[in-house]
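Subject: Structure for your review

Dear colleague,

Please find below the sequence and structure that I am handing over to you. My findings follow directly after them.

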Amino acid sequence: MNPLIVIPTYVSARRRKEGASVVATYDHTTSISQEGELGRCLASLQKVIGLGHIAILVASEPSIENQAADKVRRTAEAFPNLQITVVGAPEMALIQQRMEQLGLSRAQKEVGLTGYGAIRNAGLVLANVLGFDAVVFLDDDEVIDDENFLRNAVYGLGKLTRRGVPILAKTGFYLNSQDSYLSLSQDKWYNHFWQQGKAFNAWISRAMKGPRLSRSNHVCGGCLALHKEAFKRIAFDPWIPRGEDLDYMLNLRMYGSDIWFDNQWWLRHLPPETASEGVRFRQDIYRWLYEYRKMEYSRTQIDLMQIKPSSLEPYPGPFLESSIRKRIRITAFLRSLGRPDKKAYRQAAKAATGEATTYAERNCAKYFEFQFMWSELMARMENDQILRTALWKSAHPEPVQNIDPGATSEIRLNIAE
């Protein structure tokens, strides 16, 4: 296969202002004046066998979007042996201009450089335009230690299981700074009603003991491979504040597909410290309330597969139950007592009963309207020569190297049915 590696990177102004929109608030950003982790990630990719083209998507505030793109280009230029295309505001403007010419302007906010879901959709559109048959998503705060990373990424992708089920999307796992795939989330008294890490650990411990490929309840967005037959049909949700990777698994299931976990595909995730745990929890509140309402709304649609929280035990099922509201309120209150960022947690508690609920109610149906036109959008833009020429003109890349097609075709797949 010939996958495009897509790496989103998030750049902020020197003095970042609080109060960004829900979808434009990110777990971590790199200041325009700091080096950040992207260079470390690119350096680690140099050893990967069969490495083809890399696209870096630059998200930033509008006030610094050109500076941010220039900063990332300078980082990319330090690796002349890598084939890198940087997509900043100017390149995104070309994509959206072409969308308008093709009568697709109503989807311009859903494909862009603001918000986790929209940014990933931009990566999918880019791969579609440039003719790649798969996308491998990475994050800029990761390190690749395995030279066979890309071969493992496409292992089984596009193949059929023994029961004839196509494998069109798969995820691997992260190792943390302690060389463990388990969550380091602490089981403290104030997290009694928010056992996200504990539930994840229970799930992945079972998955690691199983066959190499098994149906997944979890997605690592920075270790995610999508076959073109998946990304041409299913888009990411631009309205979910965070957790767009796990949400994509739910989208796949609703539309009759699934995602697979590969317990031999891994990388090292070394994120910087989060500036405010309270702000991140606020995003989680928006996320889970939105996800719950979205799942509820999906049950009113006769053309969608029904997803029951009980089918997603031990994680993320409990976070998709109606009890999520009570779980949020209690956890926000307890953390405001036991964690340093007390003010942020108190603000998060207010969000649970106010603005987050309103956000979920207002937006829960929008993804399905957008998804209705996604296949048309991808069909019109596939291998579009006008946009392809415009995007590649300044980069002058070398011919993209294909991964040895025999690398996966002769492998006997170890799959759980």
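The model is a predicted one, and I begin with a single residue. Tyr292 is part of helix α9, which spans residues 277-298. Its relative accessibility is 10%, so Tyr292 counts as buried, the limit for that class being under 20%. Apart from neighbours within four places in sequence, Tyr292 is in contact with Leu320, Glu321, Ser322, Ile324 and Arg325. Phe231, by comparison, is 61 residues from Tyr292 in sequence, and the two C-alpha atoms are 24 Å apart in space.

Next, the salt bridges. Side chains of opposite charge can pair when their charged atoms come close. In this model the count comes to 22 salt bridges. Three pairs and one network may interest you.

Arg98 is bridged to Asp384, with the closest N and O atoms 3.0 Å apart. Arg98 belongs to helix α3 (residues 89-101), whereas Asp384 sits in the loop between α13 (366-381) and α14 (385-392), so this pair ties together parts that are 286 residues apart in sequence. Arg98 and Asp384 are both buried.

Asp262 and Lys170 form another salt bridge, where the closest N and O atoms are 2.7 Å apart. Since Asp262 is in strand β10 (residues 260-269) and Lys170 in strand β7 (residues 169-175), the pair ties together parts that are 92 residues apart in sequence. Both Asp262 and Lys170 are buried.

Helix α9 appears again in the salt bridge between Asp237 and Lys294, which has an N to O distance of 2.8 Å. Lys294 lies in that helix and Asp237 in the loop between α7 (228-231) and α8 (244-254), so parts 57 residues apart in sequence are tied together. Asp237 and Lys294 are likewise buried.

In addition, a network of salt bridges links Asp27, Arg242, Asp284 and Arg287.

Finally, the cavities. There are two cavities of 30 Å³ or more. The largest has a volume of about 60 Å³, and its lining consists of Thr9, Val11, Thr30, Glu35, Gly36, Leu38, Lys71, Val72 and Thr75. Both β1 (3-12) and α2 (65-77) supply at least two residues of this lining, with α2 giving the largest share, three residues. By character, the lining comprises three nonpolar, four polar and two charged residues.

The second largest cavity has a volume of about 30 Å³. Met295, Arg299, Ile307, Lys308, Pro309, Leu312 and Leu320 line this cavity; five of these residues are nonpolar, none polar and two charged. Leu320 is also one of the residues in contact with Tyr292.

With kind regards

Technical notes. Residues are numbered from 1 along each chain as its sequence is written. This is a predicted model: local features need pLDDT of at least 70, side-chain atom pairs count only at pLDDT 80 or more; totals for chains, interfaces and linings use all residues. Side-chain values use heavy atoms; hydrogens and water are left out. Helices (H or I, at least four residues) and strands (E, at least two) are DSSP runs, numbered from the N terminus. Buried means under 20% relative accessible area, exposed over 50%, partly exposed in between (1.4 Å probe, protein chains only). Contact means heavy atoms within 4.5 Å. A salt bridge is a side-chain nitrogen of Lys or Arg within 4 Å of a carboxyl oxygen of Asp or Glu. On a 1 Å grid over the protein atoms alone, a cavity is a set of points where a 1.4 Å probe fits but cannot get out, and a pocket is an open set with protein on both sides within 12 Å along at least five of seven lines; lining residues have an atom within 4 Å of a point. Grid points are joined across faces, edges and corners, and a volume is the space filled by probe spheres set on the points. Ala, Val, Leu, Ile, Met, Phe, Trp, Tyr, Cys and Pro count as nonpolar, Asp, Glu, Lys and Arg as charged, and the others, Gly among them, as polar.
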